[in-house]
Amino acid sequence: MPITDIPRPLGKKLQDGRSFFPSGVADGGAGRVRLVPGIEPPILADVRLRINGTEHQLTIDTRTSLLDLLREHLDLTGAKKGCDHGQCGACTILIDGRRANACLALAVAHNGAEIVSVEGLADGDILHPLQRAFIEHDAFQCGYCTPGQLCSAVGMLDEVRDGWPSAVTPLLAAEGEIELTAAEIRERMNGNLCRCGAYANIVPAIGDAAA
Amino acid sequence: MRPFRFERATDAQQAVALLGDAPDARYLGGGTNLVDLMRLGVETPGTLIDVTRLVGYDRIDEGDDGGLRIGAAVRNSDLAADPRVRERYPVLAEAVLHGASGQLRNLATVGGNLLQRTRCAYFTDVTKPCNKRALGTGCPAREGRHHNHAIFGHSEHCVATHPSDMAVALAALGATVHALGPAGARTIPIPGFYRLPEDAPHRDTLLEPGELITAVELGPPPGRQTRQRYRKVRERRSFAFALASVAAVLDLESSGTVSDVRIALGGVAHMPWRATRAEVALRGAPVTPERATEAAQAELEYAQPLRDNSYKVELAHNLIAATLMELAA
């Protein structure tokens, strides 16, 4: 069975969802996908997404996660691939205003969605209040988890404003304003791990930005 | 990951028909478990049928009796935030909020939560034998790493636990699963919806191939004298699966006598484990520390711990007793 080539839909390599190869390595930089006998060819689909305010129309491998779409197809490398299993939160973005793990979200399943990644938080040169608070509180060391922390905190504060309870909210049944204690922030940010252990500064940074 | 075709269904009949046309297809909810299993090579569907946008399935509807019909595509976060759920079935809201993270709950659906697979490390590692993933290959967990595995209802073929918190609360509330399949619609009560591993651990539930969960129904809300609570013990305080958990629904007469009680345990069996022996021991008298302990003992004396998880016997015992005392206080 001969090795065949198909035209690539984009200027970047197709994703298998877990490859860390830099662009060009998987296909020798030829701009074409090599089909290997015995391996099923990728299946392509069209998606339309509004990302950080800009419309994008893309033809992608159905296996592409939103995380890989952002990073590998659009060079939006703010959202990070930490675990690729939904456990670390470094890939957190906002999908239609709600925070979500971009690594587990298939792009085809979110066709038509409005996406905001960390690149979309600032208004030009004016940083988002949470970004300012993170700088002020030195709420990071290596910074790898920070884009996910920021997007998660933006979504989390909206959830608090909407009156959503958490596992530590004292009166679950009572509607009304939620007091954003340190315990509430820690519980609500449980899906964002920081291996530098900057939590001691992340928690007050979020508390300040919310005030 | 194997390449797959992607289809989006707009109504349940269409979804069922699409799957009938593609036997190696899977229904896709939020994808928080299925996409991960595909990445690990545990699941290799040739087609995904997105059922998150079935018209009307993202709603929670109220019945004339005050009960709720929760559409299968309702996100976990919307379920836990719903004022009717928080007021009438707080044990359910508590259980959902004790699972996963805010990001995951925003994606995960009710139907998907019920059908998530075990987190047994042998099941998720395709280089290892596992009867649940590949029937007949064996169960290394029985003699291997099983400190977080079952103490009730396991078999020589499988000692895995079901990971859902939501299902534990639904078992205590006596909820009903609505399903639609090639043979039509039917309802199945929880926990009977789930099954013990026996010699077929590859099957977690009674669903037949091609059947789709369409809704979960909660009966009339418990009266004002009813108290509900979900408690969960984990290896860390947040964002971890249960070592053991308990959902308890306690009906007390004004005298304090227990008129009815339903207790379900999580993290101890292949399914939410109804502690019916404890329930029987509690009915007809007030909850005292002695009776709470006796009730817990009545259930746990039937536990069958493995080499490295006998700690769960005492843990579940104390969890039942402490939760009963808290509810009766």
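Contact here means heavy atoms within 4.5 Å. This is a predicted model, where local features need pLDDT of at least 70, side-chain atom pairs count only at pLDDT 80 or more, and totals for chains, interfaces and linings use all residues. Residues are numbered from 1 along each chain as its sequence is written, chains are lettered from A and ligands numbered from 1 in the order in which they are written, and side-chain values use heavy atoms, with hydrogens and water left out.

**Exercise 1. The A/B interface**

Task: work out how many residues each chain brings to the contact, and what area is buried between chain B and chain A.

Solution.
- Start with the residues: chain B puts in 40 and chain A puts in 43.
- Next, the area. Buried area is the accessible area (1.4 Å probe) that two parts lose on being put together, summed over both. Here that gives about 3500 Å², with 54% from carbon and sulfur atoms.
- On the chain B side, B:R39, B:R86 and B:Q103 lose the most area to chain A, together 23% of what that side buries.
- Now the charges. A salt bridge is a side-chain nitrogen of Lys or Arg within 4 Å of a carboxyl oxygen of Asp or Glu. There are 3 salt bridges between the two chains. B:R39 turns up again here, paired with A:D84 at 3.3 Å between the closest N and O atoms.

**Exercise 2. Chain A and its helix α1**

Task: lay out the secondary structure of chain A, then find what covers the buried residues of α1(A).

Solution.
- Helices (H or I, at least four residues) and strands (E, at least two) are DSSP runs, numbered from the N terminus. Chain A has 5 helices and 7 strands, in the order β-β-β-β-α-β-β-β-α-α-α-α.
- Buried means under 20% relative accessible area, exposed over 50%, and partly exposed in between (1.4 Å probe, protein chains only). By that rule, 49% of the 211 residues in chain A are buried.
- Zoom in on α1 (residues 66-73): 7 of its 8 residues are buried, among them A:L66, A:L69 and A:H73.
- The cover includes β3 (44-51), β4 (54-61), β5 (92-95) and β7 (114-116) of chain A.
- Just after the helix comes A:D75, with a positive phi near 60°.

**Exercise 3. One face of α10(B)**

Task: say which residues of α10(B) are buried and what they pack against.

Solution.
- The helix runs over residues 289-300 of chain B, and its 12 residues reach 16 Å from first C-alpha to last, close to the 16 Å expected at 1.5 Å a residue. The expected span is 1.5 Å times one less than the number of residues.
- B:A292, B:A295, B:A296, B:E299 and B:L300 are buried. Looking down the axis, these buried residues fall within an arc of 125°, so they line one face of the helix. That arc is taken from the directions from the helix axis to the C-beta atoms.
- Their packing partners are β12 (273-274), α9 (276-282) and α11 (311-328) of chain B.

**Exercise 4. Salt bridges inside the chains**

Task: place the pairs A:E184 with A:R188 and B:K132 with B:D204, then look at B:E279.

Solution.
- A:E184 meets A:R188 at 2.8 Å between the closest N and O atoms. They sit 4 residues apart in helix α4 (residues 182-188) of chain A, about one helical turn. A:E184 is buried at 2% relative accessibility, and A:R188 is buried at 4%.
- B:K132 and B:D204 come to 2.6 Å. The former lies in the loop between α7 (110-114) and α8 (166-173) of chain B and the latter in the loop between β7 and β8, so the pair ties together parts 72 residues apart in sequence. Both are buried.
- B:E279 bridges to B:R283 at 3.6 Å. B:E279 is buried at 2%, while B:R283 is partly exposed at 35%. Both belong to a salt-bridge network with B:D251, B:D260, B:R262 and B:R274.

**Exercise 5. Backbone oddities**

Task: find where A:D138, B:F239 and B:P191 lie.

Solution.
- Keep in mind that most residues other than glycine have a negative phi, and most peptide bonds are trans.
- A:D138 has a positive phi near 55°, in the loop between α2 (129-136) and α3 (146-161) of chain A. A:D138 is partly exposed at 49% relative accessibility.
- B:F239 also has a phi near 55°, in the loop between β9 (226-233) and β10 (244-252) of chain B. B:F239 is buried at 11%.
- The bond from B:I190 to B:P191 is cis, with omega near 10°. B:P191 is in the loop between β7 (184-189) and β8 (212-218) of chain B.
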